[in-house]
Amino acid sequence: VGQGQGQRGDGAVKATAAAPPNLHLRRLNPKLELEGYGVAMPGLAGGLELMLQTLAVSDYRSIRNLVVPLTPLTVITGPSGVGKGTLVKRLLERQPEIWLSVSATTRAPREGEVDGQSYFFHSREAFDALVATGGLLEWAEFAGNGYGTPRAPVEEQLASGRPVLLEIELEGARQVRRSFPTGFQIFLAPPSFSELERRIRGRGTDAEDAIRRRLARAEQELKAQGEFDAVVINDTLDTALFELERLMELC
Ligand code: ADP
Ligand code: 5GP
């Protein structure tokens, strides 16, 4: 499948033969715009380049159902304490081309967390202003705090062609599913609920009331795992990491 590079204004869509290794063709999305996206026709790859080279932009709408984003957007969701942060850190060490979104939150920094690296730590007023001005791609309340994904950096990274990873909770994942239906969504599950509790407590970062709220929320989140494109069980970290890389077509 060729890598299409949509160009508005010059009357033609140009294509190159080289497909990025991480090109995802899982779903077709009728709503995506031409700019920044490629056009793919699974099964008709041979004729694709020719078709794209001769295609007038005015004809484009008739095939817009075939448009898929070239840059993969992956969402990882899972209950607090399941090991999302640990796994994502290992993944990024091995796959430095992946860009991890830094979220905005009203939660207070934990020991060792750095503003702008772990999160952008905001007052409630500043967070609400981000929501009101559309600055967040998605946002949700979680265990008494607001969390959200800053919109502009994600859009910039996708436009630049870098694979984007969001590590967010369930409500946010649902919002992203609506705005990026071609994104790939992975649910990270614990081997058991008691092991989840052991991990949250073992992490030693949360007060008892926060732990209770997170465990209550975890019960709800675990019920939603069937909504996701894939479920990875984080039993042994290395096995989960390998499975994640396989699902993201990185190995
Ligand atoms: P999350 O980001 O999902 O809230 P963390 O990455 O902070 O979870 O992990 C919670 C705790 O569980 C940490 O203490 C971490 O070291 C531990 N942990 C993560 N993955 C595993 C695993 N596969 N086996 C045992 N402990 C794990
Ligand atoms: P923590 O306080 O443990 O860092 O995160 C609590 C929960 O918020 C986790 O499930 C985490 O995935 C989620 N989270 C982190 N950033 C975001 C975000 O930008 N949006 C949403 N919806 N959830 C987030």
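## A tour of two ligand sites

Select Asp 235 to start: a backbone N or O atom of this residue lies 2.9 Å from a nitrogen atom of ligand 1. Keep in mind as you click around that this is a predicted model.

Now add Asn 234 to the selection. Here the side chain does the work of reaching over, with a polar atom 2.9 Å from a nitrogen atom of ligand 1. For an oxygen atom of ligand 1, jump to Gly 85, where a backbone N or O atom sits 2.8 Å away. How much of ligand 1 does the protein bury? On its own, ligand 1 exposes 570 Å², and 74% of that is buried by the protein.

Next, show everything around ligand 1. You should get 13 residues, and the closest are Gly 81, Lys 84, Gly 85, Thr 86 and Arg 203. Color them by class and you'll see six polar, four charged and three nonpolar residues. If you have a pocket surface handy, turn it on: ligand 1 occupies the largest pocket.

Switch to cartoon for a moment. Two elements give two or more residues to the shell around ligand 1: helix H2, spanning 84-94, and helix H6, spanning 193-203. Which of the elements gives the most to this shell? That's H2, with three residues.

Time to move to ligand 2. Start with Arg 107, whose side chain has an N or O atom 2.6 Å from an oxygen atom of ligand 2. Then pick Arg 110: again a side-chain N or O atom, this one 2.9 Å from an oxygen atom of ligand 2. For a backbone contact, go to Thr 149, where an N or O atom of the main chain is 3.3 Å from an oxygen atom of ligand 2. Try a surface view here: ligand 2 alone has 510 Å² of accessible area, and the protein covers 96% of it.

Expand the selection to the surroundings of ligand 2 and you'll pick up 16 residues, with Ser 103, Arg 107, Tyr 119, Tyr 147 and Glu 167 coming nearest. What does this shell look like by class? Seven residues are charged, five nonpolar and four polar.

Last stop, back to cartoon. Highlight strand E9 (136-142) and strand E10 (145-150), since each of these strands supplies at least two residues of the shell around ligand 2. With the pocket surface on once more, you'll find ligand 2 in the space of the largest pocket.

Methods:
Residues are numbered from 1 along each chain as its sequence is written. Chains are lettered from A and ligands numbered from 1 in the order in which they are written. This is a predicted model: local features need pLDDT of at least 70, side-chain atom pairs count only at pLDDT 80 or more; totals for chains, interfaces and linings use all residues. Side-chain values use heavy atoms; hydrogens and water are left out. A residue is near a molecule or strand if one of its heavy atoms lies within 4 Å of it. A polar contact is a pair of N or O atoms within 3.5 Å; within protein, one must be able to donate a hydrogen and the other to accept it, and residues adjacent in sequence count only if both atoms are side-chain atoms. Accessible areas come from the Shrake-Rupley method with a 1.4 Å probe; for residues, only the protein chains shown count as cover. On a 1 Å grid over the protein atoms alone, a cavity is a set of points where a 1.4 Å probe fits but cannot get out, and a pocket is an open set with protein on both sides within 12 Å along at least five of seven lines; lining residues have an atom within 4 Å of a point. A molecule sits in a cavity or pocket if more than half of its atoms lie within 2 Å of its grid points. Helices (H or I, at least four residues) and strands (E, at least two) are DSSP runs, numbered from the N terminus. Ala, Val, Leu, Ile, Met, Phe, Trp, Tyr, Cys and Pro count as nonpolar, Asp, Glu, Lys and Arg as charged, and the others, Gly among them, as polar.
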